[in-house]
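Work through the following exercises with the sequence and the model side by side, and attempt each task before reading its solution.

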Amino acid sequence: MAFDYKKEYKEFYMPKNKPSIVTIPKMNYIAVRGKGNPNDENGEYKESIGLLYAIAFTLKMSYKGTYKIPGYFEYVVPPLEGFWWQEGNYGTIDYNQKDKLQFISIIRLPDFITKKDFDWAIKEATEKKKQDFSKVEFLSYDEGICVQCMHIGSYDNEPATIDLMHKYMIENGYELDITDNRFHHEIYLSDPRRCDVNKLKTVIRHPIKK
């Protein structure tokens, strides 16, 4: 059976729908940066998702070709994630001004995949798909201590869940620590194309400090 990160690391991907404090270790990701309204059909966000999955599946299916990744084991591609902020504002997101959003779309890489393997996947996908993957980068990110919560429902209703998270954070002696390198973080466990908007599951995570 393929290794599934959501099942093996439930504390990171399947929190309860009430806030909790968690320490996230350093992880490597496939990443694409961009800006603009994520709902724009031809916008940078939709483009970023296509680029990410092309590289993610090139790596996942590498065992079928001649390139062999040391330590490779079969795995389920981890869920899509995203770091979000707005121009000049790394704190509270104004959901009424989506055109000002900036993001880093990410997909976690298994620990055995190195920068060398990533570089191979970029070259392989570029040659096979005849597409430009120059926007895709190998990103190492050490997230640290965070408050997180499972949000159920529309992305536009996230502020209510975030308010609960911040209240819990303060009650436990922490303060918000969103900066230019610690971001509002979302993990998407549902596909909005196939799921009722009221049942969407999204992990929301905010960096905090004592």
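**Exercise 1.** Determine in what order the helices and strands of the chain run from the N terminus on.

*Solution.* In this predicted model, begin with the inventory, which amounts to five helices and seven strands. Then follow the chain from its N terminus, where the elements run α-α-β-α-β-β-α-β-α-β-β-β.

**Exercise 2.** Assess how the radius of gyration of the chain agrees with that of a compact globule.

*Solution.* For 210 residues, the expectation for a compact globule is a radius of gyration near 17 Å, and the chain has 17 Å, which agrees. Next consider the extent of the C-alpha trace, which spans about 55 × 35 × 35 Å along its principal axes. Finally, turn to the contacts: among those between residues at least 6 apart in sequence, 75% join residues at least 24 apart.

**Exercise 3.** Describe the burial, surface and charge of the chain.

*Solution.* Of the 210 residues, 50% are buried. The accessible surface comes to about 11,200 Å², with 50% of this belonging to carbon and sulfur atoms. As for charge, 31 positive and 31 negative side chains are present, and the centres of these two sets lie 5 Å apart.

**Exercise 4.** Decide whether His-166 is buried or exposed, and place this residue in its surroundings.

*Solution.* First locate His-166, which is found in helix H5, spanning residues 158–171. His-166 has a relative accessible area of 18%; because buried means under 20%, His-166 counts as buried. Leaving aside residues up to four places away in sequence, His-166 touches Leu-176 and His-206.

Technical notes. Residues are numbered from 1 along each chain as its sequence is written. This is a predicted model: local features need pLDDT of at least 70, side-chain atom pairs count only at pLDDT 80 or more; totals for chains, interfaces and linings use all residues. Side-chain values use heavy atoms; hydrogens and water are left out. Helices (H or I, at least four residues) and strands (E, at least two) are DSSP runs, numbered from the N terminus. The radius of gyration is taken over C-alpha atoms; the globule rule is 2.2 Å times the number of residues to the power 0.38. Buried means under 20% relative accessible area, exposed over 50%, partly exposed in between (1.4 Å probe, protein chains only). Contact means heavy atoms within 4.5 Å. Accessible areas come from the Shrake-Rupley method with a 1.4 Å probe; for residues, only the protein chains shown count as cover. Lys and Arg count as positive and Asp and Glu as negative; His and the chain ends are not counted. The place of a charge is taken as NZ of Lys, CZ of Arg, CG of Asp or CD of Glu.
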